[in-house]
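User: Hello! Could you pick one part of this model, look at it closely, and then show me how it sits within the rest of the chain?

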Amino acid sequence: ANGSKYDGAWQNNQKHGYGVFTFEDGSVYKGNFVHDRMAEGAGVLPTPDVYGRLRISQYLINEAEPEIAAAAVHNLLTRHHTELKQIYRYYATFNCPAQEAFVLSLVQFRQFVVDSELCSPALPLAQVDRIVYDAIKGGEHAHAPADAPSAPGLLELQSILLSDISEVSHPTPPAMPAHDPAMELLFREFVQALVSLAATLRPASLGLPQQLRLLLQEDVLPRACKSTQQADEGKDFLVGKAPCNFTDHLHFIYQYYVQRGVATAPRFRRAKPDRQLTVREFVLLLRDASMLPAGSDMAAMVAAVLPARYARHLSEAVASRAVVEAEMKALWAEAEAAEAKAAAEAAEAAAAEAEFDESARVPAAASSKGGKGSKVEAEVEKVFVEVVPDVPKRRPFTPEMLEAMAVEEEALGEAMETELLFAEFEEMLLSFSLHLASERPPWAPPVDVSADVNVDGDADVNLVDDDDEAGDVEADDDDDDVNADGESMAGNADAGVVKGNQEECAIEEDTSASPSPSNLLEHLLRTKLLPNLASHLGERAVAMATAV
């Protein structure tokens, strides 16, 4: 339970024979064991202490006196040794029985990072995983092993989506080594990861000692160990335990859109070999599945479904824009009321003047041609045309509104590039289904816009770069199963939609009671997202086959 580890021979459930024992401070014993004890004469390899063995030279390159800076880091960690050990032990038992807690796992380290509020769109959990993996492996590794999971082709994915749960025999893609939730961290590796995070989060100009001091005093020590020791509904999103029966389907959708994002990205944005799904590709998935009606507020949708650890900046920008927009519309209403009042007053004045002129002259010929009333009405109509020609439906935005929109656009662009682990992809789908089940989702278009919905469900959002539309078809040309058979796949897609509609009717009978979030997600996948996406893929295959 203290982070030590043994690798060697056993006998009768005791360490017996040659083995290697790693102590919690990083010291290593290599030699023989007799009945669970170190054999006499064997020694511990000489190591100073856990903090003296940290790999920090790469962070001290710009230091004027690296030795002094290294000593300062050592002293800072020694000063907080007790607190760091308590944090390590606390999270080693997180969602795990105390008798089974020996070493901190990666998923428990993720929980520590979330609790300490270290995550952001610039440092998602996917990047945290890479930092931890570097801390364990010493940087000598590749994030994309030879057996890295490959994405399914377009028609292969469509076939999977049209298959029933029991019919999906495709093996679930394995987790990448850097993102394996079960990966273990010894205490010294935990400290090494903290140092790496400090160097990543704080400006390099501060120097490593100051970077680490700020991380500990402002983030880690005040916020860590605040989580409850239970997962909501038995679902730990940081592990990736799916709350529904469509885990395999979601895995293949995830891999397909990851590969699609890699293929269409500009050369200067080529991602890491172990690249994860981005929010931009998640929105693209929803658009392809016709889940976003025309006029949807894209920023509000992303802010609503994105995990709070990434959505803080965007949520504040959306809320600020909503307040400013309400103030602007109030000003518009006041201006319209003032214009209407001015127009009415001008019309009354014109009518009075016309009546006075008419009563003063009263020519006999005029009375025979139409009389006073018709001339007064003509003057009133002329005034209305001059004073209120036709008030445009779209008034100019206020400077405050333009500024709020610019801030929101910047925050949305930052959020769209956030990498999502598969578990976070599930989390966003669940959140989307919960909001969709509400009376009016936060991103719902205005009433006058929602009445005119595009049949394709396209929303006004820049999902791909300007030159990606042409590259999008080229990317899918690499699929081995894209050929003339695409013409017949459209029929399969329609069959999938019919099948989904039949299942929807069956499910609606069972949802008279208040459904759980996991049931809502499964209902969304079964009746809408999966059949709609399969239909889209079929249409895409036909278009590509026709183009070829």
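Analyst: Happy to! Let's begin with tryptophan 443, which is buried, with a relative accessibility of 2%. Please keep in mind that this is a predicted model. Phenylalanine 432, which will come up again as its partner, has a relative accessibility of 0% and is buried as well. Both values fall under the 20% cut-off for a buried residue.

To place these two, it helps to look at the aromatic pairs. There are 18 of them in total. One is formed by tyrosine 254 and phenylalanine 422, which meet edge-to-face with their centres 5.6 Å apart and 85 degrees between the planes. Tyrosine 254 belongs to helix H8 (residues 247-264) and phenylalanine 422 to helix H15 (residues 422-436), so this pair ties together parts of the chain that are 168 residues apart in sequence. Both partners are covered: tyrosine 254 is buried at 4% relative accessibility, and phenylalanine 422 is buried at 12%. Phenylalanine 432 and tryptophan 443 make another aromatic pair, this one stacked, with 5.1 Å from centre to centre and 10 degrees between the planes. Here phenylalanine 432 sits in helix H15, while tryptophan 443 is in the loop between H15 and helix H16 (447-450), 11 residues away in sequence. Helix H15 therefore supplies phenylalanine 422 to a pair with helix H8, and it also supplies phenylalanine 432 to the pair with the loop that follows.

From pairs we can move on to a larger aromatic group. Tyr88, Tyr90, Tyr91, Phe94, Phe109, Phe112, Phe187 and Phe190 form one aromatic cluster. One of its members, phenylalanine 187, has a charge over its face: lysine 85 lies there, 4.4 Å from the ring centre. Elsewhere, lysine 15 is placed over the face of tyrosine 6, at 5.6 Å from the ring centre.

The cluster leads to helix H3 (residues 106-115). Nine of its 10 residues are buried, so H3 is largely enclosed by the rest of the structure. The buried ones are Leu106, Val107, Gln108, Phe109, Arg110, Gln111, Phe112, Val113 and Asp115, a list in which Gln108, Arg110, Gln111 and Asp115 appear alongside the two phenylalanines. Their cover includes helix H2 (81-92), strand S5 (104-105), helix H4 (125-137), strand S6 (184-185), helix H6 and helix H7 (208-223). Phenylalanine 109 gives a residue-level view of this cover: beyond its neighbours within four places in sequence, it is in contact with Leu104, Val128, Val132, Leu185, Phe190, Ala193 and Leu197.

The backbone just after H3 is worth a look too. Glutamate 117 lies in the loop between H3 and H4, and its phi is near 60 degrees, a positive value in a residue other than glycine. At 41% relative accessibility, this glutamate is partly exposed. Asparagine 13 also has a positive phi, of about 65 degrees, without being a glycine. This asparagine is in the loop between strand S1 (5-11) and strand S2 (14-22), and its relative accessible area of 72% makes it exposed.

Back inside, in soluble globular proteins nonpolar side chains tend to be buried together. The largest nonpolar core in this model has 101 residues, and Phe109, Phe112, Phe190, Met301, Val302 and Phe425 have the most contacts inside it. Helix H6 (residues 187-201) gives the most to this core, with nine residues. Apart from it lies another core of five residues, including Val324, Met328, Trp332 and Ala404.

Met301 and Val302 come from helix H10 (residues 298-305), which is mostly covered, with seven of its eight residues buried. Those seven are Met298, Ala299, Ala300, Met301, Val302, Ala303 and Val305. At the start of H10, a side-chain oxygen of aspartate 297 comes within 3.4 Å of the backbone nitrogen of alanine 299.

Finally, the whole chain. It holds 19 helices and eight strands, and 43% of its 548 residues count as buried. Among contacts with a separation of 6 or more, 73% are between residues 24 or more positions apart. The accessible surface comes to about 28200 Å², with 52% of that belonging to carbon and sulfur atoms.

Note on methods: Residues are numbered from 1 along each chain as its sequence is written. This is a predicted model: local features need pLDDT of at least 70, side-chain atom pairs count only at pLDDT 80 or more; totals for chains, interfaces and linings use all residues. Side-chain values use heavy atoms; hydrogens and water are left out. Buried means under 20% relative accessible area, exposed over 50%, partly exposed in between (1.4 Å probe, protein chains only). Helices (H or I, at least four residues) and strands (E, at least two) are DSSP runs, numbered from the N terminus. A polar contact is a pair of N or O atoms within 3.5 Å; within protein, one must be able to donate a hydrogen and the other to accept it, and residues adjacent in sequence count only if both atoms are side-chain atoms. A nonpolar core is a set of buried Ala, Val, Leu, Ile, Met, Phe, Trp, Tyr and Cys residues joined through side-chain atoms within 4.5 Å. Contact means heavy atoms within 4.5 Å. Accessible areas come from the Shrake-Rupley method with a 1.4 Å probe; for residues, only the protein chains shown count as cover. Rings of Phe, Tyr and Trp (its six-membered ring) pair if their centres lie within 6.5 Å; planes under 30 degrees apart count as stacked, over 60 as edge-to-face and the rest as tilted. A charge sits over a ring if NZ of Lys or CZ of Arg is within 6 Å of the ring centre and within 35 degrees of the ring normal.
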